[in-house]
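Please read the following account alongside the sequence and the coordinates. It goes through the model element by element.

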Amino acid sequence: MSEKMFMRVEEVAEKLEVSIPYAYKLIRKMNKELEKTGCITIQGRIDRKFFYEHFYGGQNNNERDE
């Protein structure tokens, strides 16, 4: 089964080991960056690929766990 395109706030909070309110703050910041490039964003969600590129230099979840 393939991963979903977007991460919800709960998943971001879990991955980064931060609170839900702080995860919302991070998602808002990342979504503003995406909007500057012309992307359409969804409040409370972040593109999975952009998230991993931003925090882990492009490593996906499977590469990170190994």
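In which segment is Met5 found? Met5 belongs to the segment before strand S1 (6–8). The model is a predicted one, in which local features need pLDDT of at least 70 and side-chain atom pairs count only at pLDDT 80 or more, while totals for chains, interfaces and linings use all residues. Residues are numbered from 1 along each chain as its sequence is written, and side-chain values use heavy atoms, with hydrogens and water left out. Helices (H or I, at least four residues) and strands (E, at least two) are DSSP runs, numbered from the N terminus.

Met5 is exposed, at a relative accessible area of 56%; buried means under 20% relative accessible area, exposed over 50%, and partly exposed in between (1.4 Å probe, protein chains only). Not counting residues up to four places away in sequence, Met5 touches Ile46, Asp47 and Arg48, where contact means heavy atoms within 4.5 Å. Its C-alpha atom is separated by 9.7 Å from that of Arg45, and these two residues are 40 residues apart along the chain.

Arg48 is found in helix H3 (residues 48–56). Unlike the exposed Met5, Arg48 is buried, with a relative accessible area of 9%. Leaving aside neighbours within four places in sequence, the contacts of Arg48 are Glu3, Lys4, Met5, Phe6, Met7 and Glu11. The buried residues of H3 are Arg48, Phe50, Phe51, Tyr52 and Tyr56.

Both ends of H3 have a local feature to look at. At the N-terminal end, Asp47 acts as a cap, with a side-chain oxygen 3.2 Å from the backbone nitrogen of Lys49. Just after H3, Gly57 takes a positive phi of about 65°.

The helix pairs come next. Helix H1 (residues 9–16) and helix H2 (residues 20–36) pack at an angle of about 105°, their axes being 8 Å apart. Axes are lines fitted to C-alpha atoms, for helices over the stretch in contact, and angles run from 0 to 180 degrees between N-to-C directions. H1 and H2 are therefore roughly perpendicular to each other, since angles of 65 to 115 degrees count as roughly perpendicular, under 35 as roughly parallel, over 145 as roughly antiparallel and the rest as oblique. From H1, Val9, Glu10, Val12, Ala13 and Leu16 meet Ile20, Ala23, Tyr24, Leu26 and Ile27 of H2. The residues of this contact divide into 9 nonpolar, no polar and 1 charged. Here Ala, Val, Leu, Ile, Met, Phe, Trp, Tyr, Cys and Pro count as nonpolar, Asp, Glu, Lys and Arg as charged, and the others, Gly among them, as polar.

In the loop between H1 and H2 lies Glu17. Glu17 has a positive phi of about 55° although it is not a glycine, and at 74% relative accessibility it counts as exposed.

H2 also packs against H3, at an angle of about 105° and with axes 11 Å apart. The residues that meet are Leu26, Met30, Glu33 and Leu34 in H2 and Phe50, Phe51, His54 and Phe55 in H3. They divide into 6 nonpolar, 1 polar and 1 charged.

The largest nonpolar core has 14 residues, and those with the most contacts inside it are Met7, Val12, Ile27, Met30, Ile46 and Phe51. A nonpolar core is a set of buried Ala, Val, Leu, Ile, Met, Phe, Trp, Tyr and Cys residues joined through side-chain atoms within 4.5 Å. The elements giving two or more residues to this core are H1, H2 and H3, and its largest share, 5 residues, comes from H2.

How values were computed. Polar contact = N/O pair within 3.5 Å; in protein donor to acceptor, adjacent residues only side chain to side chain.
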